[in-house]
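Here is a guided walk through one protein model, written for someone who usually meets proteins at the bench. Have the sequence and the 3D view open as you read.

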Amino acid sequence: MINKIRIRNVATFGQTAEELDELKKVNFIYGANATGKTTISRVIADPHAEDHLDCEVTWKNGIHLEAFVYNRDFVDRNVNRPEHLQGIFTLGEKDKEIEDKIAGARRELQNTNSSIETLETTLRGGGNSGGKFSDLRELEEQFSEDCWKMKNNHDSEFKDAFTGNRGSKEDFKAKLMYESENNTADLVELETLRQKAKTIFSESPQEQESLQGPDWKQLLDHESNPILKKVVIGKSDVDISSLIRKLGNSDWVKQGREYYDPKSRVCPFCQQETQVSLEDSLNLTYS
């Protein structure tokens, strides 16, 4: 259904636009000759014609229906007037079956248009406000806010990773949506990401040289070195060294030396008073 017709700069209509609004299903337009009635019908029939560029036909809910206009132009195109038979014209024979099909098609079209209007109202709401489109806009705005809040919470740690998308809520949301659909990397814990960010975005990362492995051949060669087979128990020119060799356990004597107090000069093994020479011998043996 047509809601409004706006006409300007065509036929009898001047530069000031004339509007017919609040139209109903049935409307009567009447007037004297040359007042623009036929022009209105021509605009309805073809609002996009070259001489109708300043005219506009507004349809209910934006649903443009096919218009059938029966005016003087229609008569000229469809009514056959033989020049040799004045006053005689033909429109074709009536066909009841065709008329029934047309009536059924019109009912079906009306039902379809009604369904379209209902769906349009659901999508856009009344007067192009509300509806599912409005709900979608609200959800998108809330999603943008949630993304931006998350960005602000982690901006101090990941600002370098967010470079290029930190200045706009929409850009940041679009980046997250893209990564969600295209990034196939494994998910990791937040703390792991923090550690990686510190490493990757540190101020002056330095490359470390690889450690050289030991020369195992050189170590194996030392196993057969004769000097390593020699037991070292002390100096042979010290009188106590013979005792250590006899006991066959230099570690035992060495451990006992830790309990020897030079001030009291008491032997840690026999608890007898010792001479100064014993202390000197021990010091020479394990110096």
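## Salt bridges and the fold around them

E191 and R194 sit three residues apart in helix 6 (residues 190-200), a spacing of about one turn of the helix. Their side chains meet in a salt bridge, with 3.3 Å from N to O. E191 is partly exposed, at a relative accessible area of 42%, and R194 also counts as partly exposed, at 24%. Please keep in mind that everything described here comes from a predicted model.

**The chain as a whole**

Let's step back for a moment. The protein chain holds ten helices and three strands. Along the sequence, the elements follow the pattern β-β-α-β-α-α-α-α-α-α-α-α-α. Of its 287 residues, 17% count as buried. The accessible surface of the chain comes to about 23700 Å², and carbon and sulfur atoms account for 51% of that area. If you look at contacts between residues at least 6 apart in sequence, 45% of them join residues at least 24 apart.

**More charged pairs**

Side chains of opposite charge can pair when their charged atoms come close. How many salt bridges does the count come to? The count comes to 13 salt bridges, and three of the pairs are set out below.

| Pair | Closest N and O atoms | Relative accessible area |
|---|---|---|
| R42 and D73 | 2.7 Å | R42 32%, D73 21% |
| K151 and D155 | 3.9 Å | K151 6%, D155 14% |
| E191 and R194 | 3.3 Å | E191 42%, R194 24% |

The pair R42 and D73 forms a salt bridge with its closest N and O atoms 2.7 Å apart. R42 belongs to helix 1 and D73 to helix 2 (residues 72-78), so this salt bridge ties together parts that are 31 residues apart in sequence. R42 is partly exposed, and D73 is partly exposed as well.

K151 and D155 are four residues apart in helix 4 (residues 131-158), which separates them by about one helical turn. Are these two residues buried or exposed? K151 is buried, because its relative accessible area is 6% and the cut-off for buried is under 20%. D155 counts as buried too, at 14% relative accessibility. This pair also has a further partner, since K151, D155 and R166 are linked in a network of salt bridges.

Another lysine worth a look is K173, which is found in helix 5 (residues 169-182). K173 counts as buried, at 14% relative accessibility. Which residues does K173 touch, leaving aside those up to four places away in sequence? The residues are E140, F143, S144 and C147.

**The sheet**

Now turn to the strands. Strands of a sheet pair through backbone hydrogen bonds, either parallel or antiparallel. Here, three strands make an open sheet in the order 2-1-3, with antiparallel pairing. Strand 2 (18-20) and strand 3 (56-59) are the edge strands, each pairing on one side only. On average, neighbouring strands of this sheet are turned by 10° against each other, direction ignored.

Strand 1 (residues 2-7) pairs with strand 3 in the antiparallel sense over four bridges. You can find this pairing in the view by two positions: I2 stands opposite W59 in strand 3, and R6 stands opposite E56 in strand 3. On the other side, three bridges join strand 1 to strand 2, and these two strands also run antiparallel. There, I7 stands opposite E18 in strand 2.

Which helix lies across these strands? Helix 1 (residues 37-45) lies across strand 1, strand 2 and strand 3, and it runs at about 115° to strand 1. Helix 1 is also the element that carries R42, whose partner D73 lies in helix 2.

**A nonpolar patch on the surface**

Finally, have a look at the outside of the model. V26, F28 and Y30 form a nonpolar patch on the surface, with about 470 Å² of accessible area together. Y30 is found in the loop between strand 2 and helix 1. Y30 counts as exposed because its relative accessible area is 74%, and the cut-off for exposed is over 50%.

Terms used:
Residues are numbered from 1 along each chain as its sequence is written. This is a predicted model: local features need pLDDT of at least 70, side-chain atom pairs count only at pLDDT 80 or more; totals for chains, interfaces and linings use all residues. Side-chain values use heavy atoms; hydrogens and water are left out. Two strands pair if DSSP finds at least two bridges between them. Axes are lines fitted to C-alpha atoms, for helices over the stretch in contact, and angles run from 0 to 180 degrees between N-to-C directions. Contact means heavy atoms within 4.5 Å. Patches are made of residues with over 30% relative accessible area and no salt bridge: like charges are joined within 9 Å, nonpolar side chains (Val, Leu, Ile, Met, Phe, Trp, Tyr) within 5 Å. Accessible areas come from the Shrake-Rupley method with a 1.4 Å probe; for residues, only the protein chains shown count as cover. A salt bridge is a side-chain nitrogen of Lys or Arg within 4 Å of a carboxyl oxygen of Asp or Glu. Buried means under 20% relative accessible area, exposed over 50%, partly exposed in between (1.4 Å probe, protein chains only).
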